[in-house]
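Trainee: I would like to learn how to read strands and cysteines in a model. Can you take me through one?
Mentor: Gladly. Let us open it.

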Amino acid sequence: MAGAISLQRNIAGMDRDLARLMTSRRKCRCCGATFAQLLSLEYDRPDMCPPDLPKLDNSALFLETGDVLTEDFCRLEDYRFIRSVMSLPLGHTEHEFVLGIWCAVSPDHFDTYADLFDEQETDELGVVPGWLSSAVPPGSEIPVAANLHMLPGDQRPELEVTDKSSPLRDLQKHGLTLVDILELLHAFGHDLPSLVHDA
């Protein structure tokens, strides 16, 4: 009963169609995920990273020379990237569309972040300037100026778009409409008819 009350509170004030999708058990035909599961997506590497570069354990960052891709770091020639999170609020609700993305930072910030990573003390860096290096949605222009807000513990940094000309900045400030969400999911290749239409 408590779970049902909590769910009702979470969707209170939410667009009726969005609330229906949030509680639907229907699945995307292309990947088998429900609508709610699709509100958390991730990029496995920066857009400029070659698709054949294997993903290694984080320790490879210190053991390997040259280009390296791990769960949380990417080093490509003179470029340095950190895996981050970008959250886009769903309208005026507590829910968010969360994207695991990559942000380019300076070599100095990258090295300091890597040194603090294992001790879970990366929040000591505060706010770090960088560049969103994952096209959101796919095909849009990058890089986009951003700030990384370092968080305590093992939380990945939160990316805030600072480029005033980027549509993502407005979406972060004002939230996504149902149409925005569906357009994003379609851009990521998901089968919307199987999610939004009753069988």
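**Strands and cysteines**

Mentor: Start with a caution: this is a predicted model.

Trainee: Is strand E5 (residues 79–89) enclosed or open to the outside?

Mentor: Look at burial, residue by residue. A residue is buried when its relative accessible area is under 20%. In E5, ten of the eleven residues are buried, so the rest of the structure largely encloses this strand.

Trainee: Which strand pairs with E5 over four bridges?

Mentor: Pairing is read from bridges between strands. Strand E4 (residues 73–76) pairs with E5 in the antiparallel sense, over four bridges. Take Cys-74: its bridge partner in E5 is Phe-81. The two strands form a hairpin with two residues between them. In that turn, Glu-77 has a positive phi of about 50°.

Trainee: How many bridges join E5 to strand E6 (residues 96–105)?

Mentor: Ten, and the two run antiparallel. Ile-82, for instance, has Cys-103 in E6 as its bridge partner. E5 and E6 also form a hairpin, with six residues between them. Gly-91 in this turn has a positive phi of about 55°.

Trainee: Now the cysteines. How many disulfides does a search of the whole structure find?

Mentor: Zero. The test is distance: two cysteine sulfur atoms must lie within 2.5 Å.

Trainee: Why is Cys-49 not bonded to Cys-74?

Mentor: The closest cysteine sulfur to that of Cys-49 is in Cys-74, 4.1 Å away, which is too far for a bond.

Trainee: Are these two cysteines buried or exposed?

Mentor: Cys-49 has 4% relative accessibility, so it counts as buried. Cys-74 is at 0%, so it counts as buried too.

How values were computed: Residues numbered from 1 in each chain as written. Predicted model: local features only at pLDDT ≥ 70, side-chain atom pairs only at ≥ 80, totals over all residues. Heavy atoms only, no water. Buried < 20%, exposed > 50% of the residue type's maximum accessible area, 1.4 Å probe, protein only. Pairing = 2+ DSSP bridges.
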